[in-house]
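This report introduces a protein structure to a reader who has not met it before. It moves from the whole chain to single residues.

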Amino acid sequence: MTPSLSQELFDRARRVIPSGVNSPVRAFGSVGGTPPFLASAKGALLTDADGREYVDLVGSWGPMVLGHAHEPVVAAVQDAATRGLSFGAPQAGEVTLAEEVARRIGPIQQLRLVNSGTEATMSALRVARAATGRDVVVKFAGCYHGHVDALLAEAGSGVATFAMPGSAGVTEGTARDTVVLPYGDRAALTELFAQRGDEIAAVITEAAPANMGVVPPPEVDGVGFNRFLADTAHAAGALLISDEVLTGFRASAQGHYGIDGEGWAPDLMTFGKVIGGGLPVGAFGGREDLMGLLAPAGPVYQAGTLSGNPLATAAGLATLAGLDDAAYRTLDTASSTLQQLVADALTAAGVPHVIQRAGTLFSVFFREEPVRTYAEAKAQDTAAFTRFFHALLEAGVYLPPSAFEAWFVSTAHTPEIIDRIAAALPAAAKAAAA
Ligand code: PLP
């Protein structure tokens with residue numbers, strides 16, 4: 001049999017790139033098989049090197065909220081490219097993008113652009129430690145904040161996919177400064193703060209965890225979990241960092257998730273994905289007094305050769321410009337319709353499942369009971385997911401290759417596209433049941 005071009009590329013890739021990929025989940029390690037090497041994408045559709053077409057439910061892991069090669073975004077990037085690819089000097093697009101994010105998100109008084117979500121959380125952490133003069137950071141099991149040394153312990157996303165406790169190469173000292181708690185656990189947090197409150201620089205959380213599958217923040221003491229975190233941290237002089245790299249501008253029309261009213265705010269927030277429209281962008285921002293600690297005015301060093309890149313800011317601005325109320329209504333409809341179709345197909349095939357959502361984000365867990373923690377997310381039938389995944393891939397539907405990831409729709413997921421997924425679901429559900 002002639003090997004496919006994807007197979008040939010994967011073989012070549014594995015000789016020069018570790019595991020053949022530049023980010024672990026892409027290797028299909030947990031689901032097996034050869035990842036399609038992609039050649040092009042348009043709207044909600046992907047085409048691989050062999051010319052096979054797929055309906056995309058990965059959306060480059062979040063950024064492609066308007067669909068692939070969305071014309072206004074491509075035009076903005078092309079236009080910017082004719083005026084220079086990188087200046088390493090201030091340019092208007094960075095000001096406009098920062099203004100746009102600050103206009104939409106109340107707690108953002110100042111914002112600095114970086115090149116990835118990882119850089120954003122790493123830098124926010126540095127600011128928090130400088131501001132408080134403390135070392136310890138609290139994170140939640142199953143939350144992923146990028147591959148920052150201090151934040152890899154019990155992380156979600158690829159670390160969850162490959163069942164890793166953390167990462168080799170992280171020093172003991174770094175690990176010692178990170179305390180990991182179960183998500184949503186009021187008692188554990190209260191006890192930790194009672195014992196070590198004066199050592200804690202910050203609590204960092206995903207605004208709605210979506211890297212162990214989607215886990216909507218619970219109510220605690222009559223308030224949302226995020227607000228409870230802010231109150232608990234602030235009472236001890238610590239900060240709350242709300243990581244909106246994944247949720248930002250995707251989960252809700254407000255651009256943020258979980259700031260449920262007046263009178264409180266996270267101290268620092270991180271963004272990425274959507275605000276770069278598919279180009280490498282991250283951002284961290286928050287209160288002016290905290291952001292004022294950054295060099296050159298302040299003592300916290302942080303920098304980037306390509307930060308504020310003109311193509312990236314053009315793509316981000318064009319993407320945000322496309323995210324009006326109508327776009328969020330489309331996203332919401334696509335997301336809700338798909339959830340119902342998946343639930344119907346899995347129910348008809350007798351496959352235990354639970355679908356959880358946070359705004360327009362959702363994921364499917366292959367177990368009966370709701371998932372509130374990482375331990376519960378891990379207690380699902382990943383083998384059933386793998387069968388479901390491969391049946392859908394075979395039928396031309398490209399799901400995240402992991403049971404621990406959100407499914408990403410875009411405004412290009414029209415009813416016709418959703419129909420194509422609907423047609424593939426019954427057989428995939430039967431495969432999952434097998
Ligand atoms: N924070 C969250 C919540 C994420 O979901 C991710 C990536 O998936 C990151 C941070 C890291 O972003 P990046 O992959 O751009 O470094």
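The following sections describe the overall fold, one sheet, the surroundings of the ligand, and several individual residues.

## Overall form

The structure is a predicted model. Its secondary structure comprises 14 helices and 15 strands. The C-alpha atoms occupy a box of roughly 60 × 55 × 45 Å, taken along the principal axes. A compact globule of 434 residues would have a radius of gyration near 22 Å, and the protein, with 21 Å, agrees with this.

Of the 434 residues, 52% count as buried. Contacts across the sequence can be described as well: among those between residues at least 6 apart in sequence, 75% join residues at least 24 apart.

One such pairing of distant positions involves Leu5, which lies in helix α1 (residues 5–16). The C-alpha atoms of Leu5 and Asp50 are separated by 5.7 Å, although the two residues are 45 residues apart along the chain. When neighbours within four places in sequence are left aside, Leu5 is in contact with Phe37, Ala49 and Asp50. Leu5 counts as partly exposed because it has 16 C-beta neighbours inside 10 Å, and a buried residue would need 20 or more.

## An open sheet of four strands

Strands of a sheet pair through backbone hydrogen bonds, in either a parallel or an antiparallel sense. In this protein, 4 strands form an open sheet with the order β1-β2-β3-β15, and the pairing is mixed. The edge strands, each of which pairs on one side only, are β1 (38–42) and β15 (397–398).

Strand β1 pairs with strand β2 (residues 45–48) in the antiparallel sense, over 4 bridges. Within this arrangement, Lys42 stands opposite Leu45 in β2.

Lys42 is also one of the contacts of His68, a residue in the loop between β3 and α2. Apart from neighbours within four places in sequence, His68 is in contact with Ala41, Lys42 and Gly43. The C-alpha atoms of His68 and Leu46 are separated by 8.4 Å, with their positions 22 residues apart along the chain. His68 is buried, since 22 other C-beta atoms lie within 10 Å.

## Surroundings of the ligand

The shell around the ligand contains 16 residues, of which Ser116, Gly117, Thr118, Gly146 and Val245 come nearest. By type, the shell divides into 4 nonpolar, 10 polar and 2 charged residues. Helix α4 (residues 117–132) gives the most to this shell, with 3 residues.

Which modified residue does the UniProt annotation place at Lys273? The unreviewed UniProt entry annotates Lys273 as "modified residue: N6-(pyridoxal phosphate)lysine". Lys273 is located in the loop between β11 (268–271) and β12 (282–286). Beyond its neighbours within four places in sequence, Lys273 is in contact with Gly62, Pro63, Gly117, Val245 and Leu246. Two of these contacts, Gly117 and Val245, are also listed among the residues that come nearest to the ligand.

Is Lys273 buried or exposed? Lys273 counts as buried because it has 28 C-beta neighbours inside 10 Å, and 20 or more are enough for that class.

## Backbone features

Most residues other than glycine have a negative phi, and most peptide bonds are trans. Several places in this model depart from that pattern. Trp61 has a positive phi of about 70° although it is not a glycine, and Ala69, likewise not a glycine, has a positive phi of about 50°. Trp61 is found in the loop between β3 (53–56) and α2 (71–82), and Ala69 lies in the loop between β3 and α2.

A further feature concerns a peptide bond. The bond from Ala295 to Pro296 is cis, with omega near 15°. Pro296 is placed in the loop between α9 (288–291) and α10 (310–322).

The table below sets out the burial of residues discussed in this report.

| Residue | C-beta neighbours inside 10 Å | Class |
|---|---|---|
| Trp61 | 20 neighbours inside 10 Å | buried |
| Ala69 | 15 neighbours inside 10 Å | partly exposed |
| Lys273 | 28 neighbours inside 10 Å | buried |
| Leu5 | 16 neighbours inside 10 Å | partly exposed |

Trp61 therefore counts as buried with its 20 C-beta neighbours, whereas Ala69, with 15, counts as partly exposed.

Methods: Residues numbered from 1 in each chain as written. Predicted model: local features only at pLDDT ≥ 70, side-chain atom pairs only at ≥ 80, totals over all residues. Near = placed C-beta within 6 Å. Helix = DSSP H or I, 4+ residues; strand = E, 2+ residues; numbered from the N terminus. Nonpolar A, V, L, I, M, F, W, Y, C, P; charged D, E, K, R; others polar. Buried ≥ 20, exposed ≤ 12 C-beta atoms within 10 Å, placed from the backbone. UniProt positions renumbered as here; feature names shortened; annotations may be inferred. Contact = placed C-beta atoms within 7 Å. Pairing = 2+ DSSP bridges. Rg over C-alpha atoms; globule rule 2.2 N^0.38 Å.
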